[in-house]
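Subject: Structure for your review

Dear colleague,

Please find a structure below for your consideration. A short account of what was found in it follows.

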Amino acid sequence: MRILIVDDSPLICRQINEIINSMEMNWEIWTVDTGEKAIELIDKNDIDIVFLDIVLPGISGFDVLKFVRRIKEYGDVYVIVMTSLDDDEVIKESFSLGANDFIRKPINQVELTYRLRAAVRLRNYQYLYKSALNDLQEKNKELIELTKKLKETQDVLIQNEKMSAIGQLAAGIAHEINNPLGFVITNMETLGKYIEKFRKLMEEYDKVSKNICNGNQIDMEGIIENCKKIGEFKRQLKFDFIMEDIDQLLSETMDGLRRVAHIVQTLKKFARSGLDGQASYEDLNDIIEETLLIARNELKYDIEVIKEYGEIRQIYCNRGEIGQVILNILINAAQAIKSQPNRTQKGHIWIKTWEDSDFVYCSIKDDGPGIKRIYLNKIFEPFFTTKDVGKGTGLGLSISYDIIVNKHGGDIWAESEEGSGATFVFKLPIRSKLLENQI
């Protein structure tokens, strides 16, 4: 502990020094007789406690006190003012300038001893506080860095789970694309044949045109004869049927190409959305429809989807992440229904949306085998799965919980009785947590 005694009286300095040394503690004591020397010493050393006389030659004790409290680095220095002036205004002024304590002269050994012990305790507390604060700041930096890394890992995990879901549906998506592509290719082949017939017909017209243009005289009988030949040729080519069929072929081809483009764009949007962390105002019903298109082939042969969309307001959300939640639930429902070995009829999934004053809701219900009661409290835990090894990561519902609850400020829960299907319900706030974080 470093102590500075500032007093122009050698007697006072010696008396305080002796009292301090009598306390048998580890002290480092300096003594100066002017305010200038005090400021210089404080500026170059870490001083803990200052015994400061108010009346000094040159710079007063008040000026020294002002200096100590003006400089931030010296803010923790414990200053005990000493004065022989019998004036409460001096004490009042000392405290207003930042003094911590005072002693009246002549010095009383008992008073000084106890005031010094109090000052030492306070300085020790300050050191402990500083040490704890530094540790806390260091831990906070580590926590910020860890949170950043956790966020990056979480984003990667979410994207991997999304791509895993798309991977499970890849064959079905390819089938959905191949169907329209198949008849587009067939139509294009037919149109190619029709174009070849058009070419042959144009060649016949070209012959007639040359006969008319190259002759000096117009041979009406020859023209009529050639026209009859062209008419017969058109009949052989089934030209009237071709003209009727072309419109339908072109219409079907364009519909097929639009369908392929829609599937590809939807898949691209679903796969990429959420990577940039951007949120916007979205219609939950539209997100459900988009997700159903992705999962269409997984559902259409074994499951009938019954939709009951309510009139709901748009919500501020991350479209891709909400789509992933819906896809996770749909895939789980479809796999649960298909896992029933003795089932002979199509399964059903009911999707319903509605709202109240604060939230938009979505429920996805299936008539599969249901969830055992002992599992209901575990299904949102990471890596928990009842599927066979290799058929699930156990992360889908955990990620869904994080997206709905932690990221969007909503809630998600499951209701089920074994043998009676399962219902998953989630709600999203009208005024999103994401929007509040931006304000």
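A nonpolar patch is made of residues with over 30% relative accessible area and no salt bridge, their side chains being joined within 5 Å. The model shown here is predicted, and one such patch is formed on its surface by Leu 122, Tyr 125 and Leu 128, which together have about 320 Å² of accessible area. Leu 122 is located in helix H5. Because its relative accessible area is 32%, Leu 122 is classed as partly exposed.

The loop between strand E5 (101-104) and helix H5 (109-214) contains Pro 106. The peptide bond joining Lys 105 to Pro 106 is cis, with omega about 0°. For context, most peptide bonds are trans.

Turning to the interior, the largest nonpolar core comprises 42 residues. Leu 284, Ile 322, Ile 326, Ile 349, Phe 424 and Phe 426 have the most contacts inside this core. Two or more residues each are contributed by helices H8 (284-294), H10 (319-338) and H12 (396-407), and by strands E8 (315-317), E9 (347-355), E10 (359-366), E11 (411-416) and E12 (422-429). H10 supplies the largest share, 10 residues.

Leaving aside residues up to four places away in sequence, Phe 424 touches Ile 329, Cys 362, Ser 363, Ile 364, Ile 371, Ile 379, Phe 380, Leu 397, Trp 413 and Ala 414. Another core, of 24 residues, lies apart from the largest one; among its members are Ile 47, Leu 65, Leu 97 and Ala 99.

Yours sincerely

Note on methods. Residues are numbered from 1 along each chain as its sequence is written. This is a predicted model: local features need pLDDT of at least 70, side-chain atom pairs count only at pLDDT 80 or more; totals for chains, interfaces and linings use all residues. Side-chain values use heavy atoms; hydrogens and water are left out. A nonpolar core is a set of buried Ala, Val, Leu, Ile, Met, Phe, Trp, Tyr and Cys residues joined through side-chain atoms within 4.5 Å. Buried means under 20% relative accessible area, exposed over 50%, partly exposed in between (1.4 Å probe, protein chains only). Helices (H or I, at least four residues) and strands (E, at least two) are DSSP runs, numbered from the N terminus. Contact means heavy atoms within 4.5 Å. Patches are made of residues with over 30% relative accessible area and no salt bridge: like charges are joined within 9 Å, nonpolar side chains (Val, Leu, Ile, Met, Phe, Trp, Tyr) within 5 Å. Accessible areas come from the Shrake-Rupley method with a 1.4 Å probe; for residues, only the protein chains shown count as cover. A salt bridge is a side-chain nitrogen of Lys or Arg within 4 Å of a carboxyl oxygen of Asp or Glu.
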